[in-house]
Amino acid sequence: MKACPLWMPASMMMSFTSLTPRCDARTIWVKNSYGGLNPRTSYRISRRTFVGIGVLIYANPAFALPPKEAKDSETLRYRKLDGGVKIQDIIEGEGPEAHEGDLVEFNYVCRRSNGYFVHSTVDQFSGESRPVVLPLDEKQIIQGLKDVIVGMKAGGKRRALIPPDVGYVNENLKPIPDEFGPRRSLLSHANEPLVFEVQLLKVL
């Protein structure tokens with residue numbers, strides 16, 4: 001058998017048994033809180049399979065969100081707004097509600113509709129964030145994102161599919177990266193639908 005360098009706990013493999021072939025299994029003994037030993041089984045998988053599982057986890061909100069933040073999978077449904085934006089409420093939020101014209105502070109991750117990363121206010125490695133502060137005004141913020149944030153409560157999180165006609169219809173609309181490379185990357189995809197995951201931090 002070809003060597004498989006990655007090991008995955010059995011508890012995770014059980015979720016993907018119909019999707020991934022198993023490789024070798026091994027049992028390790030883990031000390032419990034009573035001083036005894038409990039068996040734990042892990043499965044060895046290929047790197048290609050590991051990457052495939054990662055893509056599946058990213059694509060499925062029920063897997064991607066931490067258990068405390070995720071709603072029941074039956075309630076994670078998209079709804080379409082009048083402007084064509086499709087939104088999905090992930091976390092309701094408990095703070096003040098945002099209204100049109102309000103000044104708001106938020107973090108976001110922007111991806112293409114095929115899942116490819118475009119830009120984020122949260123560093124993907126360090127976790128540091130640089131939130132943006134913008135008024136909910138169509139002259140300054142893209143209309144689709146304004147529609148997403150209006151009605152959100154501070155602390156809430158939404159995922160949205162924003163069509164290009166309510167997106168970056170001109171280069172002066174925000175949010176947009178200050179750095180040349182990320183800015184160019186974002187604007188190069190301005191004519192296609194973009195997926196935004198937005199977390200509203202404050203209504204100022």
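Val-198 is buried in this predicted model, with a relative accessible area of 1%. The residue belongs to strand E10, which covers residues 194-203. A look at its surroundings helps to place it. Beyond the residues up to four places away in sequence, Val-198 touches Phe-106, Asn-107 and Tyr-108, then Leu-145, Val-148, Ile-149 and Met-152, and finally Gly-156, Lys-157 and Arg-158. With Tyr-108 the separation along the sequence is 90 residues, yet the two C-alpha atoms lie 4.4 Å apart.

Tyr-108 leads on to His-119, since the side chains of His-119 and Tyr-108 form a polar contact of 3.0 Å. His-119 is part of strand E7 and is itself buried, because its relative accessible area of 11% falls under the 20% cut-off. Apart from neighbours within four places in sequence, the contacts of His-119 are Tyr-108, Val-109, Cys-110, Pro-177 and Pro-182.

His-119 also takes us to a pocket. The second largest pocket of the model has a volume of about 490 Å³. Its lining counts 24 residues, and those closest to the pocket centre are His-119, Ser-120, Thr-121, Arg-130 and Glu-179. Two elements, strand E7 (117-120) and strand E8 (132-135), each give two or more residues to this lining. The largest share, four residues, is supplied by E7. By residue class, the lining of the second largest pocket holds twelve nonpolar, six polar and six charged residues.

After E8 the chain enters the loop that runs to helix H4 (143-149), and Ile-141 sits in this loop. Is Ile-141 buried or exposed in that loop? Ile-141 is buried, as its relative accessible area is 0%. When neighbours within four places in sequence are set aside, the contacts of Ile-141 include Phe-106, Leu-134, Pro-135, Leu-136, Lys-146 and Ile-149. Leu-173, Lys-174 and Pro-175 are also among the contacts of Ile-141. For Leu-173, a sequence separation of 32 residues from Ile-141 goes with a C-alpha to C-alpha distance of 5.2 Å. Phe-106 and Ile-149 are in contact with Ile-141 and are likewise touched by Val-198.

The contacts of Ile-141 with Lys-174 and Pro-175 draw attention to the backbone there. Lys-174 and Pro-175 are joined by a cis peptide bond, with omega at about 5°. Pro-175 is found in the loop between strand E9 (157-162) and helix H5 (180-188).

Strand E9 contains Arg-159 as well. Arg-159 has a relative accessibility of 12% and therefore counts as buried, the cut-off being under 20%. What does the side chain of Arg-159 pair with, and at what distance? The partner is the side chain of Glu-197, through a polar contact of 2.8 Å.

These local features can be set against the chain as a whole. The chain contains five helices and ten strands, and 35% of its 204 residues count as buried. Among contacts with a separation of 6 or more, 66% are between residues 24 or more positions apart. The pairs Val-198 with Tyr-108, 90 residues apart, and Ile-141 with Leu-173, 32 residues apart, give a picture of such separations. Finally, the exposed area of the chain is about 12,500 Å², of which carbon and sulfur atoms supply 52%.

Notes: Residues numbered from 1 in each chain as written. Predicted model: local features only at pLDDT ≥ 70, side-chain atom pairs only at ≥ 80, totals over all residues. Heavy atoms only, no water. Buried < 20%, exposed > 50% of the residue type's maximum accessible area, 1.4 Å probe, protein only. Contact = heavy atoms within 4.5 Å. 1 Å grid on protein atoms, 1.4 Å probe; cavity = no way out; pocket = protein on both sides within 12 Å on 5 of 7 lines; lining within 4 Å. Points joined across faces, edges and corners; volume = space filled by probe spheres on them. Nonpolar A, V, L, I, M, F, W, Y, C, P; charged D, E, K, R; others polar. Areas by Shrake-Rupley, 256 points an atom, 1.4 Å probe, with all protein chains shown as cover. Polar contact = N/O pair within 3.5 Å; in protein donor to acceptor, adjacent residues only side chain to side chain.
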